[in-house]
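Trainee: I have a new model open and would like to walk through it with you. Could you help me get my bearings?
Mentor: Gladly; let us put it up and go from the overall fold down to single residues.

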Amino acid sequence: MLSKEKMNRINELSKKSKNEGLTNQEQKEQEGLRKEYLSAFRGNMKKTLKNVKIVDPKGNDVTPRKLRNDQNFH
């Protein structure tokens, strides 16, 4: 995940954007931070999904084949 400082900066820019608007430089900074945040979020989500096992009420493993293959690959 992103550092606390970067998360704070994202929030500062968001508040400023709503209240008074951002300069071009701040807009570019905000866009870059958002991309970095989304990349980190997606990476963490993929790691989480690689540890998921889906079981039906009868106890059978019904994890989708694609996910199972991904789990076995790594």
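**From fold to residues**

Mentor: The secondary structure of the chain consists of three helices and zero strands, and read from the N terminus the elements follow the order α-α-α. Please keep in mind that this is a predicted model.

Trainee: Since it's predicted, what is the mean pLDDT of the chain?
Mentor: The mean pLDDT of the chain is 93, and 99% of its residues reach 70 or more.

Trainee: And which helix has the lowest mean pLDDT, and which the highest?
Mentor: Among the elements of the chain, the lowest mean pLDDT, 82, belongs to helix 3, which covers residues 65-73, while the highest, 97, belongs to helix 1, which covers residues 4-19.

Trainee: What about overall shape, so what radius of gyration does the chain have?
Mentor: The chain has a radius of gyration of 19 Å, whereas a compact globule of 74 residues would have one near 11 Å. Along its principal axes, the C-alpha trace spans about 55 × 25 × 20 Å.

Trainee: How much of the chain is buried, then?
Mentor: Buried residues make up 14% of the 74 residues in the chain. The accessible surface comes to about 6,400 Å², and 49% of that belongs to carbon and sulfur atoms.

Trainee: What share of the contacts joins residues at least 24 apart?
Mentor: If you take contacts between residues at least 6 apart in sequence, 26% of them join residues at least 24 apart.

Trainee: Let's go inside. Which residues make up the largest nonpolar core?
Mentor: That core has five residues, namely L2, I10, L13, L22 and L33. A good one to start from is L13, which lies in helix 1 and counts as buried because its relative accessibility is 1%, under the 20% cut-off.

Trainee: What does L13 touch outside its own stretch of sequence?
Mentor: Leaving aside neighbours within four places in sequence, L13 is in contact with L22, E26, E29, Q30 and L33. Another core member, L22, touches L13, K16, S17, Q27 and Q30 when residues up to four places away are not counted.

Trainee: E26 came up there. Where does it lie, and is it buried or exposed?
Mentor: E26 lies in helix 2, and at 14% relative accessibility E26 counts as buried. Beyond its neighbours within four places in sequence, E26 is in contact with R9, L13, K16 and G21. As for L13 and E26, they are 13 residues apart in sequence and 7.3 Å apart in space, C-alpha to C-alpha.

Trainee: Same for Q30: where does it sit, and is it buried or exposed?
Mentor: Q30 is placed in helix 2, and with 10% relative accessibility Q30 counts as buried. Not counting residues up to four places away in sequence, Q30 touches L13, S14, S17 and L22. From C-alpha to C-alpha, Q30 and L13 are 6.6 Å apart in space, although 17 residues separate them in sequence.

Trainee: Changing topic, how many aromatic pairs does the structure hold?
Mentor: The structure holds one aromatic pair. Y37 and F41 form that pair, which is stacked, with 6.4 Å from centre to centre and 25° between the planes.

Trainee: Why are Y37 and F41 separated by about one helical turn?
Mentor: Because Y37 and F41 are four residues apart in helix 2, which covers residues 24-49, about one helical turn separates them.

Trainee: And how accessible are Y37 and F41?
Mentor: Y37 has a relative accessible area of 27%, so Y37 is partly exposed, and F41, at 37% relative accessibility, also counts as partly exposed.

Methods: Residues are numbered from 1 along each chain as its sequence is written. This is a predicted model: local features need pLDDT of at least 70, side-chain atom pairs count only at pLDDT 80 or more; totals for chains, interfaces and linings use all residues. Side-chain values use heavy atoms; hydrogens and water are left out. A nonpolar core is a set of buried Ala, Val, Leu, Ile, Met, Phe, Trp, Tyr and Cys residues joined through side-chain atoms within 4.5 Å. Buried means under 20% relative accessible area, exposed over 50%, partly exposed in between (1.4 Å probe, protein chains only). Contact means heavy atoms within 4.5 Å. Rings of Phe, Tyr and Trp (its six-membered ring) pair if their centres lie within 6.5 Å; planes under 30 degrees apart count as stacked, over 60 as edge-to-face and the rest as tilted. Helices (H or I, at least four residues) and strands (E, at least two) are DSSP runs, numbered from the N terminus. pLDDT is the predictor's confidence in each residue, from 0 to 100. The radius of gyration is taken over C-alpha atoms; the globule rule is 2.2 Å times the number of residues to the power 0.38. Accessible areas come from the Shrake-Rupley method with a 1.4 Å probe; for residues, only the protein chains shown count as cover.
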